[in-house]
Amino acid sequence: MGFLNNLINGISLGSIYAVIALGYTLVYGIAKMLNFAHGDVIMVGGYVIFTCMTTWGLNSWLSIVLAVIACTLLGIVIEKVAYKPLRQATSLAVLITAIGVSYFLQNIALLIFGEKPVNFTSVVNVPSIKLFDGQIVISGETSVAIIVSILIVVGLSLFINKTKSGRAMLAVSEDRGAAQLMGVNINRTISLTFAIGSGLAAIAGALLCSAYPTLQNTTGAMPGIKAFVAAVFGGIGSIPGAMIGGILIGVIEILGRAYISPQLADAIVFAVLILVLIIKPTGILGKKISEKV
Amino acid sequence: MALLEVKNLGISFGGLRAVDEFSITIEKGQLYGLIGPNGAGKTTIFNMLTGVYKPTDGTIVLDGKNITGKNTIEINRAGIARTFQNIRLFKDMTVLDNVKVALHNHYKYSTFTGVFRLPRYFKLEKAMDAKALELLKVFELDDKASLLASGLPYGDQRKLEIARALATQPKLLLLDEPAAGMNPNETAELMDTIRFVRDNFDMTVLLIEHDMSLVSGICEKLSVLNFGQLLCEGKTAEVLKNPEVITAYLGE
């Protein structure tokens, strides 16, 4: 039963990673850049919810909505100010800028909220499920994380494949130049991508901080990087890949912590990244790019 | 009034003068050919006409509107659409979706409407499907609408590019080597398609082509480009007999 408990916890953590990984994969697929500040948007989302609920006493639903709005706007602003001027620059310049934005957000949070971690009140108000006479306990946070992540993946896939804006995103991701010549507004499409990715980060922040209720300025950094590993693992650019990669990384981390070594759990996750890059560099669902000769 | 009036168009890349003093006038409904040896600057002219490159000198007037130096989206909205020398379809999208992307600007609903699937979403998506299928039917691609674009045979991919360009509802259609890589049968079929498009869509067509059977078969007028400059222009039959043109193509 211990194993099943661990497995469920792994899937739950993995679902949160999956939601974060979706943001990475979406931005990478469409804007062709790695937004390393993505993890820190999660932290901002966490602090917005914390402020709304604990400082202002608003209810959890309203707090989440406000956090989603705040992070969406933040995502759009970051793209406009930091990345858009670098549209023609090398990918290295954009990468370094993204790391700069990441540190900027972390330090702004440090300035406002201080270095002492705050206690996050869970936004989830769902009773836990007990199975097999209480031998297996699924907490409310766990079931909510799993359900929310599934809803997000399904919703996002429908949005991208079935709507006009989604088709524009796919077209930009495949051939920016051709899309533009067919009348697709590239700037608006990339802006929309950042808006969606950052809105998802706010939801990920709510889930993450509810499950692991200490919040500080570096809270988003480590989950952000692990979710990046998950996105690469699943095949970066692929939405179902992000989901599968996220859940696998979550399970590997929790099982590694339980059965191998709690100290080595993070190292195991990154060892997985190295193995993936050696064995199948495009990830589980990533496309093989074969050069035509 | 002419549909397209280009005067003294020129562009330099660093010290290289790729196109110089290029002028062309195309009447509405014309099938116009732009020919010349490799590297003469034909595709560069297409890139300037569509806003991919900003011309250094000269003016481009489309249907009485000055579009010089406008960006690609503005020019596309003003009414110029194109295909590419090397096919640039959205390969991982379906044939139908390729066309629907290009219908983008003519069926407006907000992202909000799309996310929450309001009635307007269903109405417009249905209208887009119908319009896209109607276009695909012209190119006999309607029964392949749900295939991925990458799964189409080469000739069909070329046709889909033309269908996609037409979906933006242009006034002027630019075709960059539409017959490249086609066998004589496919080329003959393509000539019929281009004529059909011109007649049924009230289209004006400017095409770049090396295949002389296609050029002499459908183009009413030609401009010949050599080393970035206009060598001569006129009725197709006369241009092709011009000794200077023959020299430019075959050498002395």
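## A tour of chain B and its contact with chain A

Begin with β7(B) and strand β6 (residues 80-82) of chain B, which pair in the parallel sense over 3 bridges; strands are DSSP runs of E of at least two residues, helices are runs of H or I of at least four, both numbered from the N terminus, and two strands pair if DSSP finds at least two bridges between them. This is a predicted model, in which local features need pLDDT of at least 70 and side-chain atom pairs count only at pLDDT 80 or more, while totals for chains, interfaces and linings use all residues. Residues are numbered from 1 along each chain as its sequence is written, and chains are lettered from A and ligands numbered from 1 in the order in which they are written.

**Strand β7 and its partners**

Select L174(B) in β7(B), and opposite this residue you will find R82(B). Then turn to strand β8 (residues 204-208) of chain B, which pairs with β7(B) in the parallel sense over 5 bridges, and in which L206(B) is the bridge partner of L174(B). Adding helix α7 (residues 184-201) of chain B to the selection shows a right-handed β-α-β unit made by β7(B), this helix and β8(B), where right-handed means that, with the strands pointing away from the viewer, the path from the first strand over the helix to the second runs clockwise.

Now keep residues 172-176 of chain B alone: β7 is mostly covered, with 5 of its 5 residues buried, a residue being buried if 20 or more other C-beta atoms, placed from the backbone, lie within 10 Å of its own, exposed if 12 or fewer do, and partly exposed in between. On one side of β7(B) the buried residues are L172(B), L174(B) and D176(B), and on the other they are L173(B) and L175(B), so that both faces are covered.

**Helix α1 and a residue at the surface**

Move to helix α1 (residues 42-49) of chain B, where 7 of the 8 residues are buried; among them are K42(B), F46(B) and N47(B). Just after α1(B), select G51(B), which takes a positive phi of about 90°.

For a contrasting setting, go to K235(B) in strand β10 (residues 229-235) of chain B. K235(B) is exposed, because 11 other C-beta atoms lie within 10 Å. The C-alpha atoms of K235(B) and S223(B) are separated by 9.0 Å, and the two residues are 12 apart along the chain.

**Chain B as a whole**

Zoom out to chain B, whose secondary structure comes to 10 helices and 10 strands. Its C-alpha trace spans about 65 × 40 × 35 Å along the principal axes, and buried residues make up 41% of its 252 residues.

**Where the chains meet**

Next, display the contact between the chains, which takes 24 residues from chain B and 19 residues from chain A; two residues are in contact if their C-beta atoms, placed from the backbone, lie within 7 Å. On the side of chain B that touches chain A, the elements that give two or more residues are α2 (72-78), α3 (95-103) and α4 (111-116).

**Two annotated spans of chain A**

Finally, colour chain A by the UniProt annotation "transmembrane region", which comes from an unreviewed entry and covers residues including 64-83 and 92-114; such annotations may be inferred rather than shown by experiment, and their positions are given in the numbering used here, with feature names shortened. Residues 64-83 of chain A are 100% helix and 0% strand, with end C-alpha atoms 27 Å apart, and residues 92-114 of chain A are 96% helix and 0% strand, with end C-alpha atoms 32 Å apart.
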